[in-house]
Amino acid sequence: MIRFEHVGKDYAGWTAIEDLSLTVEKGEFCVLIGPSGSGKTTTLKMINRLIEHDRGRILFEGTEIRSFAPEELRRRMGYAIQSIGLFPHWTVEENIGAVPKLLGWPRGRIRDRVTELLEMLTLDPVRYRARYPRHLSGGEQQRVGVARALAANPSVLLMDEPFGALDPVTRDTLQAEMLRIQAASGTTVVLVTHDIDEAIRLASRIVILDHGRIVQSGSPRDILAAPANDFVADFLGRSDRGLRLLAAERVGDRMRRGEVATGEPLPVDASLREALSLFVARNVDRLPVRDGDGTPLGSIHLADLVRPPSSDAKP
Ligand SMILES: Nc1ncnc2c1ncn2[C@@H]1O[C@H](COP(=O)(O)OP(=O)(O)OP(=O)(O)O)[C@@H](O)[C@H]1O
């Protein structure tokens with residue numbers, strides 16, 4: 001879907017990105033993470049030509065991105081940023097409908113899509129569609145920014161700290177919503193964050209950058225289980241690495257299918273970290289597991305958290 005081949009970028013003779021090669025497959029949720037100044041935003045913005053690369057090639061669906069007009073690339077790639085960038089003199093509806101309008105969608109279809117997106121992002125369409133950005137809280141503006149990026153069903157979504165300014169509860173809700181939207185739509189996402197826990201929760205693949213180079217790339221679990229070097233181990237937080245490994249796995253990966261246990265059940269898609277928290281909070285060593293409809297599926301034992309995953313225990 002997106003392929004970087006030996007890409008380089010200099011700012012005034014200083015190399016910000018050095019020989020970066022990376023392939024983001026269709027449907028992947030790729031999270032770029034690294035210290036401040038490591039080149040995350042530059043890498044992201046090179047994809048939609050907000051920043052032009054100096055060396056190497058970047059391909060979008062097999063075609064060099066320089067063959068596309070920048071406007072065409074930006075219409076096909078949703079883009080959401082922390083500072084939001086909503087048009088201040090346009091209503092919420094006009095902001096969200098900007099790209100569909102450019103694409104010539106009929107007015108009724110745009111209206112329906114705006115309603116659908118506002119509902120998806122838990123903003124009441126009746127209350128919000130005619131408001132101007134200055135009449136929204138920061139978190140509401142961020143949600144409208146995400147809705148705008150999703151509006152025309154882009155095949156690629158580029159996101160630069162889109163949940164950065166949100167309180168933890170709203171951030172948690174939006175992260176869950178993002179995962180749901182991405183799983184349902186198969187959109188390819190490239191997201192920049194500073195937050196390692198956000199990366200572990202969202203990514204199918206984490207790419208760790210340092211000084212404009214990729215230091216490690218892999219699934220959250222693989223990176224946490226085997227950091228490539230001391231820099232990565234420090235970055236993952238040495239003392240929290242075990243807890244983060246638990247956060248990277250689902251209860252469904254470890255549960256004992258069909259076994260009965262008593263108590264308030266745990267959802268099958270909860271993380272093992274959430275399970276650990278419940279074991280401790282309830283002072284128990286086994287918990288029942290249910291699916292999204294509440295149907296009992298089995299149980300999980302405290303000891304299962306340190307058992308290697310078995311191949312036949314998928315939900
Ligand atoms: N327009 C520019 N002119 C000169 N230097 C730049 C420019 N844009 C970025 N840089 C430099 O390039 C490096 C990479 O910047 P970039 O914004 O990609 O990093 P980042 O990893 O996204 O950082 P942060 O996490 O702080 O947002 C930084 O050292 C930055 O100062």
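Which residue stands opposite Pro288 in β14? In this predicted model, the residue that stands opposite Pro288 in β14 is Ser299, and the report starts from that pair before turning to other parts of the chain.

## The four-strand sheet

Pro288 and Ser299 face each other where strand β13, residues 286-290, and strand β14, residues 296-301, pair in the antiparallel sense over five bridges. These two strands belong to an open sheet of four strands, whose order is β11-β14-β13-β12 and whose pairing is mixed. At the edges stand β11 (256-257) and β12 (266-267), and because each has a single partner strand, one side of each is left without a neighbour in the sheet. Helix α13, residues 272-282, packs on this sheet and touches β12, β13 and β14, with a direction that makes about 135° with that of β13.

## The six-strand sheet

Another open sheet is formed by six strands in the order β6-β7-β8-β3-β9-β10, again with mixed pairing. Its edge strands, β6 (77-81) and β10 (213-218), each pair on one side only, and the twist from one strand to the next averages 15°. Within this sheet, strand β3 (residues 29-33) and strand β9 (residues 205-210) pair in the parallel sense over four bridges, and the bridge partner of Ile33 in β9 is Ile208.

Two helices that pack on this sheet can be described in turn. Helix α1 touches β3, β6, β7 (156-160), β8 (188-193) and β9, and its direction makes about 150° with that of β8. Helix α7, residues 138-150, touches β6 and β7, and its direction makes about 170° with that of β6.

## Helix α1 and the ligand

Helix α1 is mostly covered, since six of its eight residues are buried, namely Lys40, Thr42, Thr43, Leu44, Met46 and Ile47. The helix is followed by Arg49, whose phi is positive, near 65°.

The same helix, residues 40-47, also provides three residues of the shell around the ligand, the largest share of that shell. The ligand is surrounded by Tyr11, Ala12, Ala16, Gly34, Ser36, Gly37, Ser38, Gly39, Lys40, Thr41, Thr42 and His194. By class, this shell has three nonpolar, eight polar and one charged residues. Lys40 and Thr42 therefore appear in two descriptions, being listed among the buried residues of α1 and among the residues that surround the ligand. 

## The hairpin of β1 and β2

Strand β1, residues 2-11, and β2 pair in the antiparallel sense over seven bridges, and the bridge partner of Val7 in β2 is Leu20. Two residues lie between the strands of this hairpin, in which Ala12 takes a positive phi near 45°; Ala12 is also among the residues that surround the ligand.

Strand β2, residues 14-24, contains Asp19, which has a positive phi of about 50° although it is not a glycine. Most residues other than glycine have a negative phi. Asp19 is partly exposed, because 15 other C-beta atoms lie within 10 Å.

## The nonpolar core

The largest nonpolar core has 76 residues, and those with the most contacts inside it are Val31, Ala147, Leu158 and Val190. In soluble globular proteins, nonpolar side chains tend to be buried together. When its neighbours within four places in sequence are left aside, Ala147 is in contact with Ile96, Leu117, Leu118 and Leu121.

## Two loop residues

Thr122 is found in the loop between α5 (107-120) and α6 (125-128), and its phi is near 55°, a positive value in a residue other than glycine. Thr122 is exposed, because 12 other C-beta atoms lie within 10 Å, and a residue counts as exposed with 12 or fewer.

Asp195 is found in the loop between β8 and α9 (196-202). With 16 other C-beta atoms within 10 Å, Asp195 is partly exposed. The C-alpha atoms of Asp195 and Gly164 are separated by 9.0 Å, while the two residues are 31 residues apart along the chain.

How values were computed. Residues numbered from 1 in each chain as written. Predicted model: local features only at pLDDT ≥ 70, side-chain atom pairs only at ≥ 80, totals over all residues. Near = placed C-beta within 6 Å. Nonpolar A, V, L, I, M, F, W, Y, C, P; charged D, E, K, R; others polar. Core = buried A, V, L, I, M, F, W, Y, C linked by C-beta atoms within 7 Å. Buried ≥ 20, exposed ≤ 12 C-beta atoms within 10 Å, placed from the backbone. Contact = placed C-beta atoms within 7 Å. Pairing = 2+ DSSP bridges. Axes fitted to C-alpha atoms, helices over the stretch in contact; angles between N-to-C directions.
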